[in-house]
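Reader: I'm new to this structure and would love a close look at one part of it. Could you pick a strand and walk me through its surroundings?

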Amino acid sequence: MNPFIQKLVDDLKTFSSELLLPGLHATQQVSTDMGTVASTTALLKSIDFLTNLIPQLVMELQTTDSTHKFLVHYTPSPKQATFSRRPNDYQLDIAKRLLPAHWLRILQVAEIDLRPLRWLVYLLELQQAALEKVHTRTIKYIDDSLLTQQGQSSYAQNDRATLLNMRSRLDEAYAKLENARTTLLRTVQFKLVPSSNLPHPYPRSAAWLHLRRFAQQFIKPKEYLPSFLHNLLHGTVEIADTPYLYQRWCGVKLLSAFESLGWICRDDPTGALFLGGEVRLYKAEIELNIWIEPRLSRRKAHPSGFLCKEVTETHPDYLIVTPGPSGIDAFILDPTTTSDYEIRQGKAKYLDTIEAMSMASVAGIPVVRNPLRAWSAAPLHTPHCELDDSEGRTGTIPMHPLDWSPVPLLEWVRDIHNYALAWGTGKMLMDDN
């Protein structure tokens, strides 16, 4: 993995490992040695590993590690049986002859040690508890993202399908755990009480020894996860493609810049950074909204208060909505991993393709309100922002992970900070940090 991607991975994982997941975007394969595995990926893979192994574990326990005992069974059939020694198992026929009514059969039955099965139930319950936490969190991410994936384009439909498929994967994990429990129940025909004690003696068959190699991952996933997944995933894992890792990295830095100026985020922004959605920031009773990857459709209202014009649909990375003189105004940041000037300058398109749903008034005449700024962020090695026009409506913020300075981004965010406070409170707070 090259240093650029490794830095993105390290910073995103510090914020939340979920930001490494592909989500709605393209993917790439990287080494698991580099700490690139998201917690949800790890959990789903470990559930697959355990539930796929359980039928083999049960079969080996029945055939290899079971003990045998003999049962005495009385039967009316002489097949594979001997004469009974109980007097009441004989009766007289019409001719007064004493004939056997029941025969004695000695049955050899396998007796399964319940201790390994009880330990398996314990491992399944650990997986169940972890899945419930992930499910609650991820379903909220998906539901919030679905609100932003409005539109009838094929892109919008594909994104909605991807979100629903993510939900299905979680449901499938629940089903796998339930099927595994059913397999254990059918083995003993009664409820097994879970036990955290490693069974002693431990079964010596192949599948059980294989499980023991990785059992600590289920019990202490944070400590044993890297080596487990490196073996399980054969050294590679699928994560988001580099442009989307960079986009999320820029989003984390953007939120950090606002927080350094005193803006407070009351909810976890991970879901919005991961799948798109809204992040609300507050300061001095003023609300500022950052819409991440909103899908704005032509002539169709969006919860942000903005819509698309001239084209069917547009999809900026970060739409920052603030108080303004006529209601709300917008600032746009759209990261790119290229330093190409024409591509960076192309972000200015949002100045013309996005407008507020409500009009402003100039001299009593209604006028359209477009975003105030539409800038790019790019991995440039420069110490300050670059303007692309004399009014500063468009330009580039240098944001290089390997040559990171927070100053240019902070200066750009400070303009938004001042604008929001000015129109939110009626006065300009130029130096309020």
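**A close look at strand E14**

Author: Happy to! Let's begin with a pairing: strand E14 is joined to strand E15 (residues 327-335) by seven bridges, and the two run antiparallel. Keep in mind that this is a predicted model.

How many residues lie between E14 and E15 in the hairpin that joins them? The hairpin links E14 to E15 through two residues. For a landmark on this side, look for Pro323, whose bridge partner in E15 is Ile328.

Now turn to another neighbour of E14. Strand E10, which covers residues 286-292, also pairs with E14 in the antiparallel sense, here over four bridges. A good place to find this pairing is Ile320 in E14, which stands opposite Ile290. So E14 has a pairing with E10 over four bridges and one with E15 over seven.

With both pairings in view, is E14 itself buried or exposed? E14 spans residues 318-324, and seven of its seven residues are buried, so the strand is largely enclosed by the rest of the structure. Buried here means that a residue has under 20% relative accessible area. As you follow the strand along, one general point may help: in a regular strand the side chains alternate between the two faces of the sheet.

For a buried residue elsewhere, try His417, which is found in helix H11 (residues 407-425). His417 has a relative accessible area of 0%, so it counts as buried. Its side chain also makes a polar contact of 3.0 Å with the side chain of Trp263.

Terms used: Residues numbered from 1 in each chain as written. Predicted model: local features only at pLDDT ≥ 70, side-chain atom pairs only at ≥ 80, totals over all residues. Heavy atoms only, no water. Buried < 20%, exposed > 50% of the residue type's maximum accessible area, 1.4 Å probe, protein only. Pairing = 2+ DSSP bridges. Polar contact = N/O pair within 3.5 Å; in protein donor to acceptor, adjacent residues only side chain to side chain.
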